[in-house]
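Biologist: Could you walk me through this one? I'm new to reading structures.
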Amino acid sequence: PPGYYEALVKDKTEDFIRVNVLAQYGRSQGGRPVHPEFSREFNVAKGMLIPSRELVLLVAADIGLTPAMALKQQDAFGRVLTLDDITCFDMGLERAIETKLLPLIRRKYKGFEIIVTGDPSGETRAQGDETSCVDIFREYKKHLGKVKMASTNAAVARREGTDHFLARKSPSAYLVDPGCDATIAALSGGFMFKKHKDGRHSEEVEKNDHSHIGEANEYGDMYFHEGRRRKAEQRPDQMSWEEAYRAQHTEANIYAQPR
């Protein structure tokens, strides 16, 4: 009816208006977001992101009975692009690969060079058949390529990778495809720290439906962040003169990357 929306927004908070009027994600009031720098305005692409066959496709996984995967690339300008996400509940890793990941790759990423990364605890073998999650990924080597799990599963290292790219706003160095609903919901506040009953915020992450894709996404960002850091830490005497010259003249500008 006339005046409906005007009456609806009267004296309401910004979060209420964003969710109930503009149909956007709001901030969770349950706890502090793990990545408060994330902004739908700056970090969600205006249109679908187009993957490039010239770039490695990274499949970043959080492993368990609720496997989640983020499919990402880093372009020539240093921007991290989240192209697709997969979330599963009450489903083992092998079933998730067979029913979710492989069909997506066949449909959209056939012929891409692929690397799998994720929680290094996935290398631990199960007590039943001594098969690890890494072994399961390697069984699909023909489709998924190399498996290189993260150097650590320390929460601080994971968050640092994501925050490193989120901090660069102009232009944004971190873009998420608008179709990645699970990732957007997680970064918009669903992926959050626990809140104590007395109102204090904990440094422990709330394990909920958003935390799995949130952590998978962090593993992907950490992979790209560590790759840049490893390159920057190379000693000049271990580089060719061309590599040393490029490192010296482009390190200050993350977007001055070879095309």
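Modeller: Sure, one term to begin with: buried means under 20% relative accessible area, exposed means over 50%, and partly exposed is in between (1.4 Å probe, protein chains only). This is a predicted model, where local features need pLDDT of at least 70, side-chain atom pairs count only at pLDDT 80 or more, and totals for chains, interfaces and linings use all residues. Residues are numbered from 1 along each chain as its sequence is written, and side-chain values use heavy atoms, with hydrogens and water left out.
Biologist: OK, is Met69 buried or exposed?
Modeller: Met69 is buried, because its relative accessible area is 0%.
Biologist: And what does Met69 touch?
Modeller: Counting contact as heavy atoms within 4.5 Å, and skipping residues up to four places away in sequence, Met69 touches residues including Val59, Ile86, Leu93, Leu101 and Ile213. Met69 and Ile86 are 17 residues apart in sequence, yet 5.0 Å apart in space, C-alpha to C-alpha.
Biologist: Switching topic, where does helix H4 bend?
Modeller: At Leu101, by about 35 degrees, and Pro103 follows within four residues. The bend is the angle between axes fitted to the seven residues ending there and the seven starting there. Helices (H or I, at least four residues) and strands (E, at least two) are DSSP runs, numbered from the N terminus.
Biologist: Which residues of H4 are buried?
Modeller: Among them are Leu93, Ala96 and Leu101. Their cover includes strand E2 and helix H5.
Biologist: Last one: where does Asp177 lie?
Modeller: Asp177 is in the loop between strand E6 and helix H8. A polar atom of the Asp177 side chain lies 2.7 Å from the backbone nitrogen of Gly179.

Key. Polar contact = N/O pair within 3.5 Å; in protein donor to acceptor, adjacent residues only side chain to side chain.
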